[in-house]
Amino acid sequence: MRKNFGARPLCYPQPVFIIATYDEDGTPDAMNAAWGGISESDEITLCLSAGHKTVKNLLKRGAFTISMATADQVEACDYVGLVSGNKVKDKFARAGFHVLESEFVDAPLIEELPVAMECRVKSYDPDTCILKGEIVNVCADERVLDGEGRVDASKVVPVSFDPFRNEYLKVCGKAGNAFSDGKKLV
């Protein structure tokens, strides 16, 4: 027997993205967004309503960064989703975030969040709220790399949004080997 929930945006995993921009005077801003994902090899698509300060900023500057929220920063990451940059100009600083300058786009990287995508705006449709961004670079702090220079998820401890329970879940633990385990069925 199954329970029906209707047509709603309920699925696992929903990444918790922290989108960062600069406003017109260079003040950093950040927001929390869970509705997004990779849509091409160098493209990310997000659903963001036009009223967000972050959306206004990225449309003016043509750039944004997306950091993956982490378990150790869950309070700060949740905070930037609760408070509007339209009302709280210094919410980036109030969250305890510090700016690292991007080498690739006119948007801030967040020092406390170790894995990020640096993006240019490709398109935005205010009617559908669909933002498409070109991924120009992906960067990771060396503290989350393994001995071979790859990102180690157990050091990042990214979080996912659970839309069924309104909780953040830690993404950790290996479940299998991609492009390998299924070969047993061939």
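## A pair to start from

Let's begin with a single pairing: Pro15 stands opposite Ser160 in β11. That match belongs to a small ladder, for β1 and strand β11 (residues 159-162) pair in the antiparallel sense over two bridges. Please keep in mind throughout that this is a predicted model.

## The open sheet around β11

Stepping back from Pro15, we find a sheet of three strands. The sheet is open, its strands run in the order β1-β11-β12, and the pairing is antiparallel. Its edges are β1 (14-15) and β12 (167-170), each of which pairs on one side only. As a general reminder, strands of a sheet pair through backbone hydrogen bonds, either parallel or antiparallel.

## Strand β6 and its two partners

Another good place to look is β6, which covers residues 63-68. This strand is mostly covered, with five of its six residues buried; buried here stands for a relative accessible area under 20%.

Two partners of β6 can be traced in the model. With strand β2 (residues 17-22), β6 pairs in the antiparallel sense over four bridges. Within this ladder, Ile19 has Ile66 of β6 as its bridge partner. With strand β9 (residues 115-125), β6 forms five bridges, again in the antiparallel sense. Here the residue to find is Phe64, which stands opposite Cys119 in β9. When you inspect these ladders, it helps to recall that in a regular strand the side chains alternate between the two faces of the sheet.

## The overall fold

Now for the wider view. The protein has four helices and 12 strands. Its radius of gyration is 17 Å, close to the 16 Å that the globule rule gives for 186 residues, so the protein is as compact as a globular protein of that length. Along the principal axes, the C-alpha trace spans about 55 × 45 × 30 Å.

Contacts also tell us how the chain is put together. Taking contacts between residues at least 6 apart in sequence, 60% join residues at least 24 apart.

## Surface, burial and charge

How much of the protein is buried? Of its 186 residues, 38% count as buried. The protein exposes about 10900 Å², and carbon and sulfur atoms supply 52% of that area.

Finally, a word on charge. The protein carries 22 positive and 28 negative charges, and the mean positions of the two sets are 7 Å apart.

Definitions and conventions. Residues are numbered from 1 along each chain as its sequence is written. This is a predicted model: local features need pLDDT of at least 70, side-chain atom pairs count only at pLDDT 80 or more; totals for chains, interfaces and linings use all residues. Side-chain values use heavy atoms; hydrogens and water are left out. The radius of gyration is taken over C-alpha atoms; the globule rule is 2.2 Å times the number of residues to the power 0.38. Buried means under 20% relative accessible area, exposed over 50%, partly exposed in between (1.4 Å probe, protein chains only). Contact means heavy atoms within 4.5 Å. Accessible areas come from the Shrake-Rupley method with a 1.4 Å probe; for residues, only the protein chains shown count as cover. Lys and Arg count as positive and Asp and Glu as negative; His and the chain ends are not counted. The place of a charge is taken as NZ of Lys, CZ of Arg, CG of Asp or CD of Glu. Two strands pair if DSSP finds at least two bridges between them.
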